[in-house]
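This report walks through selected parts of one protein model for a reader who has not seen it before. The sequence and the structure come first, and the description follows.

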Amino acid sequence: MKRTLLTGITLLSLLPLAAKDLTVSSPDKTLNVTVNVEEDITWQASCDGKEIIAPSQLSMTFANGKVIGSNVRLKKSTIVSVDETIDAPVYKKATVKNRYNELQLRFTDYSLLFRVYDDGIAYRWLTDFKGKGEFVVKSEQSDFNFAGSGHNAIVGYVRADKKDVYYQSFENEYQTMKLVDMSDFWPAFAPILVEMPDGVKVALTDADVLDYPGMFLKRTGEARLSGDFAPFVEEEQQGGHNNLQSLVVRRGDYLAKTTGKRAYPWRVTIIAKEDKDLLNSDMVYKLSTPCKIEDPSWIRPGKLAWDYWCAWNIYGVDFRAGINTETYKYFIDFASEHGIEYVLLDEGWAVSTDIMQTVEDIDLPEIIDYARRKDVSILLWGGWVPLDQKMDEALKHYSEMGVKGFKVDFMDRDDQRVVKFCERLAEKAAKYKLLIDFHGCSKPTGLQRTYPNVINFEGVYGMEYLKGDYPDMPRNDATIPYLRMLSGPVDYTPGAMVNATKEGYKGIWATPMSQVHVPIKLLCT
């Protein structure tokens, strides 16, 4: 991915080591961050001179007893300014402006970065520990202490089993509530949105999450949210839906096993004075690892004809509709006639526990060849465990057949194990020029920039829920562009052939309908 440097990287100042309060501002001077470095490290932030984040503590604790961010000894502090343009080969914009000031704090064997944009703030830890072998992250403290009181919030919860609240689909309607009323037990999935008393919106999420669990958020004080993370999975077993999921048997009392020299994920605070500014946010994209695909020109986003939505129901044909070759030829004809680039073979085309074995009624070479003649591409659905078991074999085999990508489902976790699976799949799929659609997953955290063959992510309360009785989809549809899509692209069905008002709607699995959108008052206000 080409990155064009416009004004260079400029060393602005070298702050005195004796300073306890270190300050960095956004390029337009509207946001200001102060980091207090004494025995512990806290940070606070203001917008247009008004405090939004009160002093909030941050640290990481390792199993060997080492704590970074506590009993600190600052060796060096520097402010660096960057103004550049990033070429974005597969994104909502062709180029992304990347302009920020960054406070770099260097300690004995680790660093802390605070990056301030005109529309947000992010920080991350970097470690440079000596020694070989694994370093075990015991816990992480990432506090966001909101200034003032009476905040409204928009929050997403999935009420999972209390035995493992981190095993969940990341799908639910967003709830509007007072921040003080958020649960201190159930972790909320990011992003969440908090409205300050003066109307400024503050969203929290994470970015560049690699080889580490994703961040949930939990209320830990009257106006304080803290990062919460799925513990490391020490034992799991295959089971669940059609025996294609990995069920957690036992988690450890730590978060991750990792290396001593690495960068940890960014903790992101997106700040918007108006709702429209949320739609334009590029924070997660800008903070993520640049593209690792040398030539991404083969990556072609597009529309997709989805078989599962209508339960393979078609009529007026001289064959029995269902998961069979003739039905998919019909879908291909429809896609070709209406300029739809892809047809998906959703669950059922292969044996559930063996992604290399097609079912009797599917002639996959014939389907792919028929689609090629019609200028339509084929994607295949797969459960993540069967795909993980035969990843190299499956990617090589199906890419050679002419398949263009995979929809991968039922991860339902974002602990370190699943995060690493997603990274590994994205990298290997790119090798075979395959697209990836992560379904049954958490929200994106920037992998779509690093591997733009990752076209989208579910992690959303999607329209498939209208196959049941879920009547308030219009409100959901008007909220997710401002909240869930802060983190990145979404696997979402934009409409249906059958539509109804709220009064006329009924959830019918085999012949589903969508709902007419009506004007609603958006977000917190």
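Ser 26 sits in the loop that links strand E2 (21–25) to strand E3 (31–37). The model is a predicted one. With a relative accessibility of 0%, Ser 26 counts as buried, because the cut-off for that class is under 20% relative accessible area. The side chain of Ser 26 reaches the backbone nitrogen of Thr 30 at 3.2 Å. When neighbours within four places in sequence are left aside, Ser 26 is in contact with Leu 31, Asn 101, Val 116, Tyr 117 and Asp 118.

**Nonpolar cores**

The largest nonpolar core has 91 residues. Which of its residues touch the most other members? They are Trp 43, Phe 114, Trp 125 and Phe 146. For Phe 146, residues up to four places away in sequence are not counted, and the residues touched are Ile 52, Ile 53, Ala 54, His 151, Leu 179, Val 194, Met 196, Val 202, Leu 204, Ala 223 and Leu 225. Apart from the largest core lies another one, of 71 residues, and its members include Ala 311, Trp 384, Phe 421 and Ala 429.

**A helix pair**

Helix H6 (residues 391–401) packs with helix H7 (residues 416–431) at an angle of about 30 degrees, and their axes are 11 Å apart. The crossing in which H6 passes H7 is right-handed. On the H6 side the contact is made by Met 391, Asp 392 and Leu 395, and on the H7 side by Phe 421, Arg 424, Leu 425, Lys 428 and Ala 429. What kinds of residues make up the contact of H6 with H7? There are 5 nonpolar and 3 charged residues, and no polar ones. Two of the H7 residues in this contact, Phe 421 and Ala 429, are also among the members of the core of 71 residues.

**Backbone features**

The peptide bond from Ala 190 to Pro 191 is cis, with omega near -5 degrees. Pro 191 belongs to strand E14 (residues 188–195).

Positive phi values in residues other than glycine are found at Asn 71 and at Asp 375. The table lists both.

| Residue | Phi | Location | Relative accessible area |
|---|---|---|---|
| Asn 71 | about 50 degrees | loop between strand E6 (67–68) and strand E7 (76–87) | 61%, exposed |
| Asp 375 | near 60 degrees | loop between helix H4 (364–373) and strand E27 (377–383) | 64%, exposed |

Asn 71 counts as exposed at 61%, and Asp 375 does at 64%, because the class begins over 50%.

**Two further residues**

Cys 310 lies in the loop between strand E23 (304–306) and helix H3 (325–337). Is Cys 310 buried or exposed? At 18% relative accessibility, Cys 310 counts as buried. Cys 310 touches Phe 331, Ala 510 and Pro 512, with residues up to four places away in sequence not counted. Between Cys 310 and Ala 190, which are 120 residues apart along the chain, the C-alpha atoms are separated by 31 Å. Ala 190 is also the residue from which the cis peptide bond runs to Pro 191.

Asp 277 is part of helix H1 (residues 275–279). Its relative accessible area is 31%, and Asp 277 is therefore partly exposed. The C-alpha atoms of Asp 277 and Gln 175 are separated by 21 Å, and the two residues are 102 residues apart along the chain.

Notes: Residues numbered from 1 in each chain as written. Predicted model: local features only at pLDDT ≥ 70, side-chain atom pairs only at ≥ 80, totals over all residues. Heavy atoms only, no water. Core = buried A, V, L, I, M, F, W, Y, C linked by side-chain atoms within 4.5 Å. Buried < 20%, exposed > 50% of the residue type's maximum accessible area, 1.4 Å probe, protein only. Contact = heavy atoms within 4.5 Å. Helix = DSSP H or I, 4+ residues; strand = E, 2+ residues; numbered from the N terminus. Axes fitted to C-alpha atoms, helices over the stretch in contact; angles between N-to-C directions. Left-handed = near helix turned anticlockwise from the far one by under 90°. Nonpolar A, V, L, I, M, F, W, Y, C, P; charged D, E, K, R; others polar. Polar contact = N/O pair within 3.5 Å; in protein donor to acceptor, adjacent residues only side chain to side chain.
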